[in-house]
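Welcome, and please open your viewer. We will go from stop to stop, with a suggestion of what to select at each one.

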Amino acid sequence: MLRKIRIVLAVIFFVLITLLFLDFTGTVHTWFGWMAKIQFLPAVLALNVGVIVFLVILTLLLGRVYCSVICPLGVFQDVVSWLSGRRKKKKFRFFYSPAVNWLRYGVFAIFVIALLAGVGSLVALLAPYSSYGRIVSNLLSPLYAWGNNLLAYFAERAESYAFYETEVWMRGLPTFVIAVVTLIVVVVLAWRNGRTYCNTICPVGTVLGFLSRFSVFRPVIDTDKCNNCGVCSMKCKAACIDGKNHKIDYSRCVSCMDCLGACKHHAISYRSRMGSKQPEACTAGSGDKPVDNSRRTFLATATGVAAASVLKAQEKKVDGGLATIEDKQVPPRATRILPPGALSARNFAQHCTACQLCVSACPSQVLHPSQDLMTLMQPEMSYERGYCRPECTKCSEVCPAGAIRPITKADKSAIHIGHAVWIRKNCVVLTDDVDCGNCARHCPVNAIQMVPSVADNPDSRKIPVVNIEKCIGCGACENLCPARPFSAIYVEGHEVHRIN
């Protein structure tokens with residue numbers, strides 16, 4: 001019964017968290033956005049004391065149920081392992097092996113150092129929730145969007161508005177490649193050996209593993225009933241049960257309950273450790289059996305992975321069917337643009353786990369992963385596809401790590417994330433000798449005024465002048481500028497956001 005309850009809860013969490021990254025309507029976020037906020041690392045970075053205390057108490061009470069129920073990457077590994085068992089048709093596929101502590105704590109030390117040093121790209125690579133988010137948003141999201149567009153195609157012909165088309169685009173090639181490599185590594189390890197990734201690489205698993213050593217409720221082996229058959233060891237996907245010596249390494253046990261039903265003699269049960277006949281849990285590295293290096297070595301699985309070809313996002317855009325409209329290119333910005341609520345570049349880099357949830361939720365498609373090495377995969381703003389609408393606060397609503405603080409619509413209009421810069425040589429007013437004024441017409445804060453290009457000739461073509469004090473950096477001017485491939489006006493970001 002405990003195993004069935006665990007599976008039901010895990011499926012519910014897994015499906016809903018996956019939909020958080022796929023849903024572009026905001027419906028799922030409204031009801032289940034809290035599931036992202038109770039993930040361990042985002043809660044720590046957001047200093048969400050209530051969630052942290054809850055997860056610590058949960059682990060001290062019941063063991064690592066977070067890893068088997070709440071963490072989407074952990075549940076994903078269980079799904080892969082289950083499929084592997086069905087494919088191989090082996091009833092017992094696992095075996096006990098001592099923990100490789102030098103690898104577990106070595107990776108954790110690197111993770112902590114990177115976190116304190118603000119090396120967000122390395123933190124993002126190791127964070128389990130973020131890794132799963134990138135896999136979904138980069139690999140599954142295009143398939144989900146194409147399926148939606150297919151339904152929208154048929155719905156339109158049936159004169160129904162139940163579905164509407166959405167644009168399919170690649171957020172960034174480096175992030176796409178990293179998502180592919182992460183998927184391959186996790187799938188290979190889970191297919192072969194179950195929870196190897198959780199118990200050797202995952203820094204969250206290492207922290208919770210330390211706490212779970214002191215959990216009140218845990219699987220306990222009754223030595224009077226046990227006949228040393230070893231079935232529990234062969235069913236344990238965490239490789240933590242030494243059935244021959246009646247020992248369980250609780251730092252690696254994820255409380256999946258698979259071992260309970262495997263024992264035909266009912267020698268293993270989930271109960272309070274107080275007064276049990278269970279010997280002390282074996283410590284890492286104990287035991288006479290040699291370490292199975294092939295089980296613990298995962299780095300080689302990532303070699304030889306080539307980047308997938310870039311998916312075609314949409315049909316070629318044309319102007320009236322006569323001429324191709326050239327796509328805008330990203331201007332060379334001295335300072336990257338961060339969304340309102342980020343406060344500053346430093347605050348954002350220290351808190352963001354690059355989970356891509358804000359990228360998936362952005363309705364204007366102005367957020368995309370950074371390609372800079374120090375901030376790799378962390379979102380930044382660019383206005384080739386749209387601009388940051390003053391009435392939209394979606395990214396601040398979904399961010400679970402505190403990198404983008406919650407703001408209201410009134411707050412957003414007062415936050416200056418950057419300022420517009422006019423490039424004279426790109427402006428169509430001067431290059432094509434035509435009237436324009438697009439940037440001034442669409443500026444939501446009236447920060448752009450059109451003035452004569454020749455000071456002493458009021459009848460000359462008018463060019464834009466930017467009031468930096470009023471400009472909030474929303475990018476409407478850059479996005480709607482007709483100049484191609486580079487806009488004649490673009491936004492430079494601010495290191496520290498200014499609030500009026």
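## The whole chain

Start with the cartoon view: the chain has 23 helices and twelve strands. Keep in mind as you look around that this is a predicted model. Now colour the residues by accessibility. Of the 500 residues in the chain, 52% are buried. With the surface switched on, you are looking at about 23,500 Å² of exposed area, and 62% of it comes from carbon and sulfur atoms. Contacts are worth a glance too: among those between residues at least 6 apart in sequence, 74% join residues at least 24 apart.

## Helix 1 and its surface patch

Select residues 2–22, which are helix 1. Then pick out Met1, Leu2, Ile5, Val8, Leu9 and Ile12: together they form a nonpolar patch on the surface. How much accessible area do these residues have together? The figure is about 570 Å². Ile12, a member of this patch, sits in helix 1 and is partly exposed, at 40% relative accessibility.

## Into the nonpolar core

Next, hide the surface and look inside. The largest nonpolar core holds 83 residues, and Tyr66, Ile70, Leu357, Leu367, Met381 and Tyr383 are the ones with the most contacts inside it. Which helix gives the most to this core? Helix 1 does, with eight residues.

Centre the view on Leu357 and show what surrounds it. Setting aside neighbours within four places in sequence, Leu357 is in contact with Leu20, Phe21, His29, Ala36, Tyr129, Val398 and Pro400. Another core, of 17 residues, lies apart from the largest one; to find it, select Val220, Tyr250, Cys253 and Tyr270, which are among its members.

## A loop and a covered helix

Now go to the loop between strand 7 (367–369) and strand 8 (379–381), where you will find Thr375. Is Thr375 buried or exposed? Thr375 is buried, because its relative accessible area is 11%, below the 20% cut-off. Apart from neighbours within four places in sequence, Arg336 and Ser370 are in contact with Thr375.

For a helix that is mostly covered, select residues 203–212, helix 13: eight of its ten residues are buried. To highlight the buried ones, choose Pro203, Val204, Gly205, Thr206, Leu208, Gly209, Leu211 and Ser212.

## Salt bridges

Side chains of opposite charge can pair when their charged atoms come close. The count of salt bridges in this model is 16, and here are three to visit.

- **Asp258 and Arg6.** Show both side chains: their closest N and O atoms are 3.3 Å apart. This pair links distant parts of the chain, with Asp258 in helix 15 (residues 258–262) and Arg6 in helix 1, 252 residues apart. Asp258 is buried at 13% relative accessible area, and Arg6 is buried at 9%.
- **Asp249 and Arg252.** In this salt bridge the closest N and O atoms are 2.9 Å apart. Asp249 is buried, with 1% relative accessibility, and Arg252 is buried, with 0%.
- **Arg461 and Asp435.** Here the closest N and O atoms are 3.1 Å apart. Arg461 lies in the loop between strand 10 (448–452) and strand 11 (462–466), while Asp435 lies in the loop between helix 21 (428–431) and helix 22 (438–442), 26 residues away in the chain. Arg461 is partly exposed at 30% relative accessibility, whereas Asp435 is exposed at 59%.

Before moving on, select Arg3, Arg6, Asp78, Arg195, Lys237 and Asp258 together: salt bridges that share partners join them into one network.

## Last stop: the cysteines

Finally, select the cysteines. How many disulfides does a search of the whole structure find? The search finds zero. Cys392, for instance, is in no disulfide, and the nearest cysteine sulfur, that of Cys362, is 6.1 Å away.

Try Cys427 as well. Why is there no bond between Cys427 and Cys436? The sulfur of Cys436 is the closest cysteine sulfur to that of Cys427, but the two are 6.4 Å apart and so too far for a bond; a disulfide would need them within 2.5 Å. Cys427 is also buried, at 7% relative accessibility.

Definitions and conventions: Residues are numbered from 1 along each chain as its sequence is written. This is a predicted model: local features need pLDDT of at least 70, side-chain atom pairs count only at pLDDT 80 or more; totals for chains, interfaces and linings use all residues. Side-chain values use heavy atoms; hydrogens and water are left out. Buried means under 20% relative accessible area, exposed over 50%, partly exposed in between (1.4 Å probe, protein chains only). Patches are made of residues with over 30% relative accessible area and no salt bridge: like charges are joined within 9 Å, nonpolar side chains (Val, Leu, Ile, Met, Phe, Trp, Tyr) within 5 Å. Accessible areas come from the Shrake-Rupley method with a 1.4 Å probe; for residues, only the protein chains shown count as cover. A salt bridge is a side-chain nitrogen of Lys or Arg within 4 Å of a carboxyl oxygen of Asp or Glu. Helices (H or I, at least four residues) and strands (E, at least two) are DSSP runs, numbered from the N terminus. A nonpolar core is a set of buried Ala, Val, Leu, Ile, Met, Phe, Trp, Tyr and Cys residues joined through side-chain atoms within 4.5 Å. Contact means heavy atoms within 4.5 Å.
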